[in-house]
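Subject: Handing over a structure

Hello,

Here is the structure I promised to pass on to you. Have a look at it first, and then read on for what turned up in it.

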Amino acid sequence: MPETRADLPAQGIEERMLRQLEWTVLRRLDGLLQGDYRTLLRGAGVDLADLREYQMHDDVRHIDWNVTARLQIPHVRQFTEDREMTAWFLLDLSGSIDFGSTDTTKLAVSAGFVALVARVLTRHGNRIGAIFYGNQVDRVLPPRLSRQHVLNLMRQMRTRPREQAQGGGTSLADLLNAAAGTIKRRSLVLVVSDFISQPGWEAPLARLAQRHEVVAVRLYDPLEMELPELGLVTVEDAETGEQLFIDTADPAFRKRYAAEAEAREAALREALAHAGTDTLELSTDDDLLDSMLRFAAMRRQRGRLKIGGRWPAHLRQGTPQVAGAPT
């Protein structure tokens, strides 16, 4: 479909944003990650590289039975790593993502991180796709690898209409189940969300992590952890529109709020750990370059876990033990 004149200003916004990221964060990132590209995205590979003795963490499907029978010692085939792999962004764009206690919202943090990771991956020949969730799964962006595709992803995140969740609020389980049905080949899956959701998302996330390499990119704002003393204020639930009148000058109320926030944090981190995902936490006051360096460090650690035989618990034990997951 040909571009209209009305499309050009909107496209120019994404172009300027991406160019700024490329000239600032991405250039600095390239200088800091020399030789570390392999750890950002790991493919499966099909070309035989070597044979070696079987170790405890090895996949039994890679055992070479002819060599094992000849040498009377189990040997496995090693393959040349294929760097080309598809990455999917599962984007929670529900009402709570619009929140930010300063000029930076969780949506802005999400958009910057997604744009930068997408550009890093597409520059090296990897395809990226996205599934959008507002109050339901309403859009799928098929995987492609061009710079224009990244601009399209940025534009759709920016221009997507905001809708309040129906009923009890966001249901991340719907997004995760939709991803399980959409993503057929093994991929890197980044779930970008604040994980403010109805219960029941833990088991679908665990099942997704069994088939794919999943990173939970958790967005949050410091104000969600501790209330400042602002006196009498009206707060609104961004998910449902419900309003409450609270007294933040009450020390007992602030203490209860902090205790409940701490309990939610502990429960969320435990659920993500049991699901077998890596977790990257992004705050609205984070620096984007620091966030990317943490992401790269996470990819390096994942590579060392595989090479050194210290696999994550959900891969050592089989089915993830998640509350509500089928046994």
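Let me start with a loop: Gln72 sits between α2 (65-71) and β2 (75-80). Please keep in mind throughout that this is a predicted model. The phi angle of Gln72 is positive, near 60°, and the residue is not a glycine. Is Gln72 buried or exposed? With a relative accessibility of 65%, Gln72 counts as exposed.

Phe195 makes a good partner to look at next. Its phi is also positive, at about 60°, although Phe195 is not a glycine. You will find Phe195 in the loop between β6 and α6. Phe195 has a relative accessible area of 8% and is therefore buried, as the cut-off for that is under 20%.

Now for the chain as a whole. It has 327 residues, and 45% of them count as buried. Along the chain there are 9 helices and 10 strands. Its accessible surface comes to about 17300 Å², and carbon and sulfur atoms account for 52% of that. Among the contacts with a separation of 6 or more, 74% are between residues 24 or more positions apart.

The sheet

Which strands form the open sheet, and in what order? There are 6 of them, arranged as β5-β4-β3-β6-β7-β10, with mixed pairing. At the edges are β5 (137-144) and β10 (278-283), each of which pairs on one side only. On average, neighbouring strands in this sheet are turned by 15° against each other, direction ignored.

Strand β4 is a good place to zoom in. On one side, β4 (residues 128-133) runs parallel to β3 (residues 87-92), and 6 bridges join the two. To find this pairing in the model, look for Ala87 opposite Ile128 and Trp88 opposite Gly129. The pairing of β4 with β5 is antiparallel and covers 5 bridges; here Ile131 stands opposite Val140. A hairpin with 3 residues in between takes the chain from β4 to β5.

How many of the residues of β4 are buried? The count is 6 of the 6, so β4 is largely enclosed by the rest of the structure. Ile128, Ala130 and Phe132 point one way from the strand, while Gly129, Ile131 and Tyr133 point the other way; all of these are buried.

The helices around it

Two helices are worth finding alongside these strands. Helix α3 (residues 106-123) belongs to a right-handed β-α-β unit together with β3 and β4. Helix α5 (residues 172-182) lies across β3, β4, β5 and β6 (188-193), and it runs at about 160° to β3.

A third helix, α6 (residues 202-211), holds Ala209. Ala209 has a relative accessible area of 5%, which means that it is buried. In space, the C-alpha atoms of Ala209 and Gly276 are 6.4 Å apart, while in sequence the two residues are separated by 67 residues.

The aromatic pairs

A search of the whole structure turns up 2 aromatic pairs. Phe113 and Phe295 form an edge-to-face pair, because their planes are at 90°, with ring centres 5.8 Å apart. This pair links distant parts of the chain: Phe113 is in helix α3 and Phe295 is in helix α8 (residues 288-308), 182 residues apart. Both count as buried: the relative accessible area is 0% for Phe113 and 3% for Phe295.

The other pair brings us back to Phe195, which is paired with Trp201. This pair is tilted, with 5.3 Å from centre to centre and 55° between the planes. Trp201 is buried as well, at 5% relative accessibility.

If you want a short route through the model, begin at β4 with its neighbours β3 and β5, go on to helix α3 in the β-α-β unit, and follow Phe113 from there to Phe295 in helix α8. You could then finish in the loop between β6 and α6, where Phe195 is found.

Enjoy exploring it!

Best wishes

Notes: Residues are numbered from 1 along each chain as its sequence is written. This is a predicted model: local features need pLDDT of at least 70, side-chain atom pairs count only at pLDDT 80 or more; totals for chains, interfaces and linings use all residues. Side-chain values use heavy atoms; hydrogens and water are left out. Two strands pair if DSSP finds at least two bridges between them. Helices (H or I, at least four residues) and strands (E, at least two) are DSSP runs, numbered from the N terminus. Axes are lines fitted to C-alpha atoms, for helices over the stretch in contact, and angles run from 0 to 180 degrees between N-to-C directions. Contact means heavy atoms within 4.5 Å. Buried means under 20% relative accessible area, exposed over 50%, partly exposed in between (1.4 Å probe, protein chains only). Accessible areas come from the Shrake-Rupley method with a 1.4 Å probe; for residues, only the protein chains shown count as cover. A crossover is right-handed if, with the strands pointing away from the viewer, the path from the first strand over the helix to the second runs clockwise. Rings of Phe, Tyr and Trp (its six-membered ring) pair if their centres lie within 6.5 Å; planes under 30 degrees apart count as stacked, over 60 as edge-to-face and the rest as tilted.
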